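Trainee: Please take a close look at chain A with me, going from its loops to the surfaces that it shares with its partners. I would like every cut-off stated along the way.

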Protein chains: 2
Amino acid sequence: MESTSSYGQFCPVAMASEIICKRWTTLILREFLRGTTRFNDLRRGVPRMSPSLLSKRLKELVEAGVIESVSGSKGPAEYRLTPAGEELRGVVRDLGGWGHRWIESKVSLRNLDPSLLMWDMRRSLRPEPLPPRRCTIQFQYPELPQVQRNWWLVIDEGNVDLCGFDPGFEVDLLVRGSLRSMTSVWMGMSTVAQEVAKRQLHLDGDPAIASAMQHWLGLSSFAAMPRRVA
Amino acid sequence: MESTSSYGQFCPVAMASEIICKRWTTLILREFLRGTTRFNDLRRGVPRMSPSLLSKRLKELVEAGVIESVSGSKGPAEYRLTPAGEELRGVVRDLGGWGHRWIESKVSLRNLDPSLLMWDMRRSLRPEPLPPRRCTIQFQYPELPQVQRNWWLVIDEGNVDLCGFDPGFEVDLLVRGSLRSMTSVWMGMSTVAQEVAKRQLHLDGDPAIASAMQHWLGLSSFAAMPRRVA
DNA sequence: CTGCATCCTCTTCGATACTG
DNA sequence: CAGTATCGAAGAGGATGCAG
């Protein structure tokens with residue numbers, strides 16, 4: 001029977017929760033709502049989730065009609081939100097909005113992750129405030145182990161690339177500081193100017209690019225929302 | 001480390017999901033949003049949840065700042081939503097709204113439960129369309145075992161009481177039919193008139209009360225929302 | 001009765017490794 | 001690239017106990 005996994009209630013909140021409110025599922029939905037469609041791209045968004053569990057969750061979401069697997073010419077290679085899944089956008093957005101408003105920064109900032117941050121920054125970076133040429137911006141987190149310490153964003157013709165190794169281009173701006181400071185700026189809990197003033201963030205390089213950083217650095221989509229806690 | 005229970009992501013969706021998207025938690029929140037404050041009243045709303053797990057979840061929600069326990073100096077402890085918890089109303093409502101729109105009725109109606117249904121009906125019944133005297137309405141589900149078969153709603157001076165035993169008053173209206181039919185009416189998937197016409201529901205007694213049933217029977221708060229699936 | 005705590009069993013999850 | 005397989009650990013459910 002379905003008795004174990006089911007709440008045994010006809011209430012729509014209970015029925016929806018059986019589908020949505022399982023471990024990892026909201027994060028998978030967040031990735032879909034960002035436009036991710038493929039298994040290993042989803043994995044990049046939920047790196048601590050085991051692939052077997054991701055596979056299982058995808059099957060559950062297909063079964064529930066939230067996503068569908070679009071069989072490429074050879075095998076099921078892509079997943080997409082169904083109209084039902086697309087209608088979860090508001091729920092996931094509001095859930096995140098609540099978290100942004102009410103979860104203390106000291107709690108959120110326990111979960112720092114440079115690759116998630118840099119990947120988010122890559123996706124939301126706005127090239128327009130930058131000079132109309134190729135720009136290379138290096139981010140350095142001195143406190144991190146070697147392999148996570150240096151990152152490069154290369155903006156060229158409106159495209160943004162993220163590298164975890166030196167791409168070899170001349171660096172136009174070096175942003176150096178703690179991952180915590182950089183994350184709090186990206187989350188809208190601080191600003192570039194504040195962190196620079198507190199000497200938590202150091203900008204070296206092209207002054208025009210440095211002074212425009214708050215503008216080309218796309219922030220978290222929740223950053224503009226007023227927070228209610230420290 | 002907190003690695004086990006945490007997603008390890010600073011994203012607000014992840015942070016909020018750590019608190020909200022655990023088994024049973026959305027249903028507990030639903031009960032709070034309905035105004036329930038005490039342990040055993042919460043239990044009535046989540047009868048299949050073990051009391052020890054409910055106790056654990058309540059502690060987690062207090063810790064997260066979603067509820068607070070108001071220890072009366074003498075009386076039993078009460079729990080109340082904090083302002084943060086109150087701001088989850090939209091999330092829980094929209095989650096239920098999504099479930100109502102997109103989960104097939106054949107799935108929802110697998111989870112019939114007469115005590116949850118009758119308790120919901122008791123809470124949302126509208127006394128105004130009824131005669132201004134004491135009214136007793138009996139609901140009978142012939143297919144259920146004896147102990148769940150008969151229920152009485154007694155409306156008197158604007159108060160509604162639910163009994164699982166015969167209160168002894170003369171019955172003004174007997175509503176007889178399957179729990180499935182009655183539930184689908186309450187969920188807004190059908191109407192009293194439709195079920196009566198299909199002979200799934202039988203009304204015996206005061207014709208005025210019978211013909212007004214669709215009006216005094218408060219429906220699920222989701223019933224008015226258009227559904228997208230069968 | 002209310003409001004849990006304990007004990008035990010069973011399911012789910014996470015980490016790692018491996019395959020077509 | 002897109003998943004399976006395996007196995008120990010953590011979490012959930014059920015029964016029972018117990019203090020106020």
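Mentor: Helices and strands here are DSSP runs numbered from the N terminus, a helix being a run of H or I of at least four residues and a strand a run of E of at least two. Residues are numbered from 1 along each chain as its sequence is written, while chains are lettered from A and ligands numbered from 1 in the order in which they are written. The model is predicted, so local features need pLDDT of at least 70 and side-chain atom pairs count only at pLDDT 80 or more, whereas totals for chains, interfaces and linings use all residues.

On that basis chain A has 13 helices and 7 strands, and E157(A) is found in the loop between β4 (150-156) and β5 (159-163) of chain A. Its phi is near 55°, a positive value in a residue other than glycine. Most residues other than glycine have a negative phi. A residue is called buried if 20 or more other C-beta atoms, placed from the backbone, lie within 10 Å of its own, exposed if 12 or fewer, and partly exposed in between; E157(A) is exposed because it has 8 such neighbours within 10 Å. R199(A) also has a positive phi, near 60°, and lies in the loop between α11 (192-197) and β7 (201-205) of chain A, where it is exposed with 9 other C-beta atoms within 10 Å.

For the chain as a whole, 34% of the 230 residues of chain A count as buried, and the C-alpha trace spans about 65 × 45 × 30 Å along its principal axes. The domain assignment, which is automatic or taken from a database, gives domain 1 (12-102) and domain 2 (107-216) in chain A, with 28 Å between their centres over C-alpha atoms.

Turning to the partner chain, a rotation of 180° with 0.0 Å of shift along its axis superposes chain A on chain B with an RMSD of 0.1 Å, the fit being by least squares on C-alpha atoms of residues with pLDDT of at least 70 in both copies. That is the relation of a two-fold axis, and in chain A the C-alpha nearest the axis is that of C21(A), 2.3 Å from it.

With contact defined as C-beta atoms, placed from the backbone, within 7 Å, the interface takes 42 residues from chain A and 42 residues from chain B. On the chain A side, α1 (12-20), α2 (25-33), α6 (89-102) and α7 (105-108) each supply at least two residues, and α6(A) gives the largest share, 10 residues. L95(A) touches T26(A), V13(B), A16(B), S17(B), I20(B) and V91(B), leaving aside residues up to four places away in sequence.

Finally, 18 residues surround DNA strand D, the closest being F39(A), N40(A), P51(A), S52(A) and S55(A), where a residue is near the strand if its C-beta atom, placed from the backbone, lies within 6 Å of it. Two or more residues of that surface come from each of α3 (39-45), α4 (51-63) and β2 (76-81) of chain A, and from α4 (51-63) of chain B, with α4(A) giving the most, 3 residues.

Definitions and conventions: Contact = placed C-beta atoms within 7 Å.
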